[in-house]
Amino acid sequence: MTMGTVFALLGAALAALLAGVGSAIGVGRAGQAAAGVVTEDPNKFSQVLIMQLLPGTQGIYGLLIAFIALTNIGIMGGDANLSTSEGLLYFAACLPMAIVGLISAMQQSNAAVAGIALVNKRPDQFGKAMIFPAMVETYAILALLVSILSIFGVAALH
Amino acid sequence: MAVVPMKRMTIIAARSDRKAILEYLQRQGEVEIDRESPDDPYYHKIDVSGSRQIFEKNVGLIDQALSVLDTYAPLKTGLLDSMSGRTILSLEDYEKGVAKRDKVMDITHQILSLQKEDAECKASVPKYEISKESLASWMNFDLPLDFKGTKRTKAFIGTLPGEWTMENIYLELGQLSENSDRFDVNLINAETQQTCVMIVCGADDEAELSDALHRMNFAKAPISHAVPSEEAKELDAKIARANAQSANIAAKIMELSAHREDLKFIRDYFKMRADKYEVIGEINQSDRVFILSGYIAAESADSLAEKLNSKYDIVLEFEDPSEDEEVPVKLKNRGYGWPIEGLVENYSMPGKGEIDPSFVTSLFYYICFGLMLSDAAYGLIIALATGVCLYKFKNMEMGLRRNLKMFFFCGIWTVVAGFVFGSFFGDSVSSIAQTFFGVEKAKAGTLLPALWFNPLDNPIKMLTFSFGFGLIHLFTGLGVLIYTDVKNGKVADAIYDGVFWMMFVGGCVGFLLTVPMITNMLGVTALGGNVATVSKWVAIIGVLGVVAFGGRDSASIGGRIGSGLYSAYGITSYLSDVLSYSRLLALGLATSVISSVFNTMAGMVGGALPVFFGVILYAIIFIIGHVLNLAINALGAYVHANRLQYVEFFGKFYHGGGRLFTPFAAKTKFFRIKEDK
């Protein structure tokens with residue numbers, strides 16, 4: 001086992017960990033708001049459920065990055081012998097998803113909570129309410145993209 | 001693909017025909033009646049709010065009664081029953097059914113009062129049970145608990161906190177009173193929490209004993225006029241009676257539930273009447289005639305006029321709406337573009353002079369969805385599920401049908417994208433082949449080759465494709481802007497806001513594609529020849545045009561140049577718009593990578609066990625994993641397909657702000673009345 005593998009695994013773990021934490025916080029917050037709406041009007045369940053799930057995608061992106069990192073490192077079958085610099089490259093590649101995932105999920109949940117309040121008052125505006133949290137998610141998607149491209153790029157180096 | 005042209009309609013008719021005409025219009029549901037008719041010296045409005053309130057109250061009562069029936073005699077409904085839509089009723093049946101309204105209101109009141117009675121019964125049971133429980137410690141006491149003593153003696157019946165023995169009580173009383181030897185303590189029941197006692201004294205010592213007991217925190221026994229054991233029996237009987245009565249009421253309500261359909265029918269009847277009276281209260285009437293005005297789609301004007309004229313003696317006029325009127329907007333699309341009307345309605349109806357964007361949006365929406373979900377199996381599941389529902393439930397409500405149809409087309413494009421990019425439940429074909437058929441990894445990967453390429457192997461190619469798709473999408477948006485402006489006779493605006501931007505952005509893109517650094521990054525071959533020069537000049541003309549005319553609304557020259565320069569800065573928003581299409585790659589990859597995570601997990605578990613158990617466990621992990629993945633990624637694809645239309649695409653040409661056409665119609669819940677032809 002080399003130091004490089006340690007760094008690489010640390011990166012993969014952080015991507016799943018921080019993005020997952022962010023999504024858990026986000027979905028939890030939005031869920032509280034959604035439950036409040038459903039106590040008033042159970043018919044809005046499906047609408048607010050969709051709103052609640054919106055901050056949940058970062059956790060999935062984190063899982064995705066962790067998975068392709070693990071596969072490329074060679075931890076899931078294969079020989080995991082990376083040089084320290086290779087390991088650090090993987091570590092850096094995972095960081096955008098980890099950090100942006102954490103923060104964007106929490107911020108997205110704020111927009112989702114506000115959107116849930118909007119749906120509560122004006123259910124016909126659901127389409128618009130959904131767009132506001134989706135705007136925040138753009139940055140998680142960009143981070144996901146950079147992380148994916150970096151990991152594929154780093155894998156192509158060795 | 002069109003906004004339906006509207007006509008203004010005015011009807012003048014005899015008041016004796018008012019009911020018939022309004023009901024006819026309501027059933028047809030083709031006219032939006034003006035809700036505020038102008039004041040007129042010869043006409044007045046009639047206050048019908050009283051009757052309207054009665055009708056609305058009846059609707060509320062029947063709704064309550066129906067929900068009571070649903071709790072006492074629930075209908076067995078399947079998940080899919082909600083798709084079957086309202087029952088269709090002929091006009092004759094409708095008119096026959098109306099006669100039942102008094103009987104139905106009677107039944108409604110019966111149901112509600114039965115339910116109230118039952119609620120009282122049910123509430124009394126726990127009350128009796130609490131009384132019974134408080135008597136439990138007194139069971140072996142053979143006097144009524146409110147026994148006060150005889151002529152000469154006084155009895156104190158009650159409890160002391162904590163557990164006491166006879167001696168302790170005497171000791172304590174002895175300390176609190178000098179005459180404790182004249183008290184007679186009877187211990188009835190001693191428990192850890194409380195001790196039940198009866199203490200008897202002479203009539204003269206009552207005050208002293210009372211004082212002493214007060215200091216010992218004595219509490220009086222529960223109020224009861226009977227001997228506890230008998231009282232308990234009586235309470236038992238009461239509980240049994242209440243339960244029996246409650247069951248009896250439930251049976252009665254069950255019996256009344258046979259009228260459920262009638263209740264639903266009369267509910268709709270009152271709802272329609274309430275809506276009708278709302279209109280009656282708002283139109284101008286004289287003693288003999290009434291005037292009604294509103295909007296109607298031009299295409300249905302003639303047929304409506306014909307029918308009304310043949311039935312009633314009326315004056316009917318149509319005219320084109322004037323320029324400054326805010327005409328309500330109705331969209332009309334067929335087939336492929338129709339489901340997108342819902343998406344447009346969700347955003348905003350087209351404003352004055354704008355075209356209906358449904359069809360042009362449909363050209364991209366389904367493909368966006370397909371590219372983001374991009375799994376042939378998931379697409380098949382969505383298309384089959386929605387297709388079967390659409391086929392089976394012909395009578396489905398319009399809104400639901402529209403949504404399902406939208407997902408049907410989304411599903412079709414997901415299948416296409418799935419095969420183009422080689423994904424069927426992710427890499428399930430390769431995973432199953434490796435786990436159960438011992439195919440080697442390299443060979444298994446070629447069993448279901450992508451028709452074009454696999455984004456997992458070549459993400460950059462997919463990224464370039466996404467940007468290219470985005471550019472086409474954005475340019476189509478600009479194209480629609482040019483089309484709309486030209487159609488409205490604003491050719492100059494079309495050139496300034498559309499053509500110059502197309503040249504500016506298109507030139508920039510063309511130029512970038514000749515720069516080797518960029519093309520290497522995107523993995524495409526650099527364009528050679530004169531492309532660089534041509535696109536450079538196109539871009540320069542474009543940017544000059546934007547700077548010169550972007551600020552044409554400013555009064556001063558300085559302001560005009562300033563805001564022209566600022567509008568050229570808008571090129572950055574094109575950059576972010578194009579980058580935004582990278583979500584097509586990201587979400588597409590998310591689906592396939594998560595699929596392969598589950599396939600790998602299933603393969604690891606399934607491959608390590610004997611074949612029989614291996615297959616079962618593989619199937620379990622496979623099903624759970626893919627259901628989860630389909631749900632979360634379909635949601636993502638839906639949200640982001642919407643976003644790409646609302647933000648990137650509509651941002652280029654569509655503002656909305658129109659008012660949705662809401663005709664006066666039968667807003668019923670359970671029945672739909674079909675006009676006889």
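This is a short tour of a predicted model, moving from the whole of chain B to single residues and then to chain A.

**Stop 1: all of chain B.** Select chain B and colour it by secondary structure: there are 23 helices and 13 strands to find. The radius of gyration of chain B is 40 Å, well over the 26 Å that the globule rule gives for 677 residues, so chain B is more spread out than a compact globule. Turn the C-alpha trace of chain B along its principal axes and you will see spans of about 125 × 85 × 65 Å. Of the 677 residues in chain B, 35% are buried.

**Stop 2: the domains of chain B.** Give residues 146-221 of chain B one colour for domain 1, and residues 340-653 another for domain 2. How many Å separate the centres of these two domains of chain B? Taken over C-alpha atoms, the answer is 87 Å.

**Stop 3: S535(B).** Now select helix α19 (residues 531-549) of chain B and pick out S535(B) within it. Why does S535(B) count as buried? Because it has 21 C-beta neighbours inside 10 Å, and 20 or more are needed for that label. Show G507(B), G510(B) and F511(B) too: S535(B) touches these, leaving out residues up to four places away in sequence. Then add V505(B), which is 30 residues from S535(B) in sequence and 9.8 Å from it in space, C-alpha to C-alpha.

**Stop 4: where the chains meet.** Display both chains. The contact takes 22 residues from chain A and 22 from chain B. On the chain B side, the elements giving two or more residues are α10 (340-347), α22 (582-608) and α23 (611-653). That side of chain B divides into 14 nonpolar, 6 polar and 2 charged residues.

**Stop 5: a helix in chain A.** Select residues 57-73 of chain A, which form helix α3. This helix has 17 residues and reaches 24 Å from its first C-alpha to its last, close to the 24 Å expected at 1.5 Å a residue. Is α3(A) mostly covered or uncovered? It is mostly covered, with 15 of its 17 residues buried. Step on to G74(A), which follows α3(A) and has a positive phi, near 100°.

**Stop 6: the nonpolar cores.** In soluble globular proteins, nonpolar side chains tend to be buried together. The largest nonpolar core here has 111 residues, and those with the most contacts inside it are A15(A), I65(A), A69(A), Y90(A) and C94(A). Centre on Y90(A): beyond its neighbours within four places in sequence, its contacts include F7(A), A69(A), I73(A) and V154(A). Finish with a second, separate core of 40 residues, which includes L22(B), F270(B), A666(B) and I673(B).

Technical notes:
Residues numbered from 1 in each chain as written. Chains lettered and ligands numbered in written order. Predicted model: local features only at pLDDT ≥ 70, side-chain atom pairs only at ≥ 80, totals over all residues. Core = buried A, V, L, I, M, F, W, Y, C linked by C-beta atoms within 7 Å. Buried ≥ 20, exposed ≤ 12 C-beta atoms within 10 Å, placed from the backbone. Contact = placed C-beta atoms within 7 Å. Helix = DSSP H or I, 4+ residues; strand = E, 2+ residues; numbered from the N terminus. Nonpolar A, V, L, I, M, F, W, Y, C, P; charged D, E, K, R; others polar. Expected span 1.5 Å × (residues − 1). Domains from an automatic or database assignment. Rg over C-alpha atoms; globule rule 2.2 N^0.38 Å.
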